[in-house]
Amino acid sequence: MSEEHQPRREEDAKEFAEEQASLFKITFGPLIWAVHFVVCYGLVAVTCAKGWDIFAARLGLVLLSALALGGIGWVGWSAWRQWNPSRTGDPVNRGSRAEDRHHFLGHAAFLLSIISFIGVVFVSMPLILIGGCQ
């Protein structure tokens with residue numbers, strides 16, 4: 001008669017900590033994008049309203065955009081490693097095991113980081129293409 005493996009308390013705590021980290025990882029890409037969006041549009045609005053040097057603001061925002069893209073890239077890489085479809089051989093993870101849920105959260109975080117990366121690029125486009133304050 002085989003008994004089911006009952007998880008020990010430390011196994012449950014470790015699994016909960018991993019899932020909590022995965023849930024936070026899902027929010028990091030969109031959070032970086034949102035902060036980047038608010039800072040870019042807010043700083044340009046204040047710069048134009050106050051008559052400050054637009055070139056300095058633009059340079060700072062381009063550097064901020066590079067940092068945001070780097071941060072989102074790091075989150076995406078971390079999520080890709082968590083999902084890891086090449087190692088598991090199952091890009092969908094249909095099972096209801098804890099490991100499948102962990103891989104799914106990595107998949108979701110990876111896709112959100114792609115969307116966030118594209119969002120930062122599109123928010124940054126006016127910094128490069130538009131001449132200045134009107």
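# Getting to know a helical chain

Student: Starting with cysteine 40, does it count as buried or exposed?
Tutor: Cysteine 40 comes out at 3% relative accessibility, and keep in mind that this is a predicted model. The cut-off for buried is under 20%. So cysteine 40 counts as buried.

Student: Okay, let's step back. In what order do the elements of the chain run from the N terminus?
Tutor: The chain has four helices and zero strands. With no strands to place, the order from the N terminus on reads α-α-α-α.

Student: What share of the 134 residues counts as buried?
Tutor: A residue needs a relative accessible area under 20% to get that label. Cysteine 40, at 3%, is one that does. Across the 134 residues of the chain, the share is 28%.

Student: And what part of the exposed area do carbon and sulfur atoms supply?
Tutor: Take the whole chain, which exposes about 9,200 Å². Of that area, carbon and sulfur atoms supply 69%.

Student: Which residues does serine 65 contact, beyond its neighbours within four places in sequence?
Tutor: Serine 65 sits in helix H2, residues 54–83. It counts as buried because its relative accessibility is 5%. Setting aside neighbours within four places, the contacts of serine 65 are His36, Cys40, Val120, Ser124 and Leu127.

Student: How far apart in space are serine 65 and isoleucine 32?
Tutor: Along the sequence, 33 residues separate serine 65 from isoleucine 32. Going from C-alpha to C-alpha, the distance is 10.0 Å.

Student: Which residues does serine 116 touch, not counting those up to four places away?
Tutor: Serine 116 belongs to helix H4, which covers residues 98–129. At a relative accessible area of 1%, serine 116 is buried. Past the four-place limit, serine 116 touches Gly29, Pro30, Trp33 and Ile72.

Student: Which element gives the most to the largest nonpolar core?
Tutor: That core has five residues: Ile26, Ala79, Leu105, Ala108 and Ala109. Three of them come from a single helix, the top contributor to this core, and that helix is H4.

Student: What does alanine 109 touch, leaving out residues up to four places away in sequence?
Tutor: Alanine 109 is one of the residues of the largest nonpolar core, and so are Ile26 and Ala79. Both of those turn up again in its list of contacts, along with a lysine. In full, alanine 109 touches Lys25, Ile26 and Ala79.

Student: Now the surface. How much accessible area does the nonpolar patch have together?
Tutor: The patch includes Leu111, Phe117, Val121 and Met125, among others. Phenylalanine 117 lies in helix H4 and is partly exposed, with a relative accessible area of 36%. Put together, the patch residues have an accessible area of about 950 Å².

Student: Which cysteines form a disulfide?
Tutor: Searching the whole structure turns up one disulfide. Its sulfur atoms lie 1.8 Å apart, and the cut-off is 2.5 Å. The partners are cysteine 48 and cysteine 133.

Student: How many residues apart in sequence are the parts that this pair ties together?
Tutor: Cysteine 48 is in helix H1, residues 9–50, while cysteine 133 is in the segment after H4. The pair therefore links parts whose separation in sequence is 85 residues.

Student: Is that disulfide of cysteine 48 and cysteine 133 left-handed or right-handed?
Tutor: Look at the torsion about the S-S bond, which is about -80°. That value is why the disulfide is left-handed.

Student: How does cysteine 133 count in terms of relative accessibility?
Tutor: Its partner, cysteine 48, has a relative accessible area of 32% and is partly exposed. Cysteine 133 comes to 37%, and the middle class runs between 20% and 50%. So cysteine 133 counts as partly exposed.

Student: With which residues is isoleucine 54 in contact, leaving aside neighbours within four places?
Tutor: Isoleucine 54 lies in helix H2 and is partly exposed at 23%. Both cysteines of the disulfide are on its contact list. The list for isoleucine 54 is Thr47, Cys48 and Cys133.

Student: What distance separates the C-alpha atoms of glycine 131 and isoleucine 54?
Tutor: Glycine 131 is in the segment after H4, and it is exposed, with a relative accessible area of 62%. Along the chain, glycine 131 and isoleucine 54 are 77 residues apart. Their C-alpha atoms are separated by 9.4 Å.

Terms used:
Residues numbered from 1 in each chain as written. Predicted model: local features only at pLDDT ≥ 70, side-chain atom pairs only at ≥ 80, totals over all residues. Heavy atoms only, no water. Helix = DSSP H or I, 4+ residues; strand = E, 2+ residues; numbered from the N terminus. Buried < 20%, exposed > 50% of the residue type's maximum accessible area, 1.4 Å probe, protein only. Contact = heavy atoms within 4.5 Å. Patch = residues over 30% accessible without salt bridge, like charges linked within 9 Å, V, L, I, M, F, W, Y side chains within 5 Å. Areas by Shrake-Rupley, 256 points an atom, 1.4 Å probe, with all protein chains shown as cover. Salt bridge = Lys/Arg side-chain N within 4 Å of Asp/Glu carboxyl O. Core = buried A, V, L, I, M, F, W, Y, C linked by side-chain atoms within 4.5 Å.
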